[in-house]
Amino acid sequence: MTQTPLETAAERRPPVAPRVFDTSSQRSLESLALAVGATSFVLVALVALVAFGFQAAPIAGPGSVGQFAAIASGIVAMLSVIAGRILLRVRGEAPRARILGSLDLIALAFAHGVIALLGWTLLAVILEHAFIGAEVFALPVLILSGAAAAMSGYISFFSATHMDLQLLAVVLAVFLVVGVLASMLTASDPNWWKDNLSALGMSSNVSAFAFNITIIVAGFLVTTLARYSTRGIPTANPQGIGRVRVCLIIVGVFLGLVGVFPVDQFFALHTGVASGMVVAFGVLVIGLPRWITGMPRPFVVLGWLFLLVTLVLAVLFAVGYYTLTAVELVAGILVFTWIVLFIRNGAALEQDARPGSAG
């Protein structure tokens, strides 16, 4: 072909592939995540070879492949999150990723580690009940251990390098569900539910520790969401954003204090911070239309509905119809659902307010 006058040397030059460590390239981040997964597979499989001596192992329980894979995956997940965040900072952190400080990063890494640890543990227990009396042969022990670690490393690294507020809210929800569910299944008192949800944190065993630390870290993550999710939301009320942020931070701090002060040791403090969390949420729901003037009306109505359901459940508990556990579970689900929806609606308002946006 003949060269046209409009062609330049730059146009004839072949496109340059993105560098492997170019964090602005999605292909590079995906390649790095795959490398983290592959490395995790090899390392954990080698450790499993030493730990099990190339012998068969039970599916779940002490000395099992499930226990080993869960612990290894938890460690891999934490390290992968830290590595992903450090990489973004060293290479020039993208704007979407600027939502975590050092303490927030520790909480986020811990949350991913706990999700991996408890998630694989629960899966192993389920499989053990499905394959009663079965053992895992020597080679599959290595493969399954490495595969669990590889998946945990890949997902955690991807999460860390693509972290935004909506993903952080999902991590918080999954972390809470997995942590509380694990505490329920391993509780030393099978009748804990007859008292209240906080009864899971009353004893001194591993189950109580898992429940309390889950609540503490979840409270810290809520304060992180509160600080960053309210940035940039447009409103006609100059003090509105600050008041919303304060209410959300109070919810997060009081949630964490619920885990710091177990109900059997600090009944008054525990009850006070738990009640204060509900009051702060109620104030936030009531004041939201005045504080963020452009908040969609369906979301405002939904908040009122959530608050009304919580109050009705409290009345049913007061007259002895419902247990306190049922009230706490439903109220907790409603509050965290509202927080996730608030983040999405706030992000929508911010996007609509940007210059050049449609509508």
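Leu139 is found in helix α5, and this residue offers a convenient point of entry into the predicted model. Together with F41, V42, L46, L49, V50, F54 and I143, L139 makes a nonpolar surface patch of about 740 Å². Two elements, α2 (26-52) and α5 (138-161), each give two or more residues to this patch. The largest share belongs to α2, which supplies 5 residues of the nonpolar patch.

The wider architecture places these helices in context. The protein chain holds 11 helices and 2 strands, and along the sequence these elements follow the pattern α-α-β-α-α-β-α-α-α-α-α-α-α. The chain comprises 359 residues, of which 43% count as buried.

From the surface patch, attention may turn to the largest pocket, whose volume is about 1,200 Å³. Its lining is formed by 36 residues, and those closest to the pocket centre are L197, M277, E328, L329 and G332. Several helices take part: α6 (165-186), α7 (206-229), α8 (240-260), α9 (267-291), α10 (297-318) and α11 (324-353) are the elements that give two or more residues to the lining. Among these contributors, α11 gives the most, with 10 residues.

The chemical character of the lining of the largest pocket can also be stated. Its residues divide into 27 nonpolar, 8 polar and 1 charged. The charged class is defined as Asp, Glu, Lys and Arg, and E328 is among the residues closest to the pocket centre; the single charged residue of the lining is therefore E328.

Definitions and conventions: Residues numbered from 1 in each chain as written. Predicted model: local features only at pLDDT ≥ 70, side-chain atom pairs only at ≥ 80, totals over all residues. Heavy atoms only, no water. Patch = residues over 30% accessible without salt bridge, like charges linked within 9 Å, V, L, I, M, F, W, Y side chains within 5 Å. Areas by Shrake-Rupley, 256 points an atom, 1.4 Å probe, with all protein chains shown as cover. Salt bridge = Lys/Arg side-chain N within 4 Å of Asp/Glu carboxyl O. Helix = DSSP H or I, 4+ residues; strand = E, 2+ residues; numbered from the N terminus. 1 Å grid on protein atoms, 1.4 Å probe; cavity = no way out; pocket = protein on both sides within 12 Å on 5 of 7 lines; lining within 4 Å. Points joined across faces, edges and corners; volume = space filled by probe spheres on them. Buried < 20%, exposed > 50% of the residue type's maximum accessible area, 1.4 Å probe, protein only.
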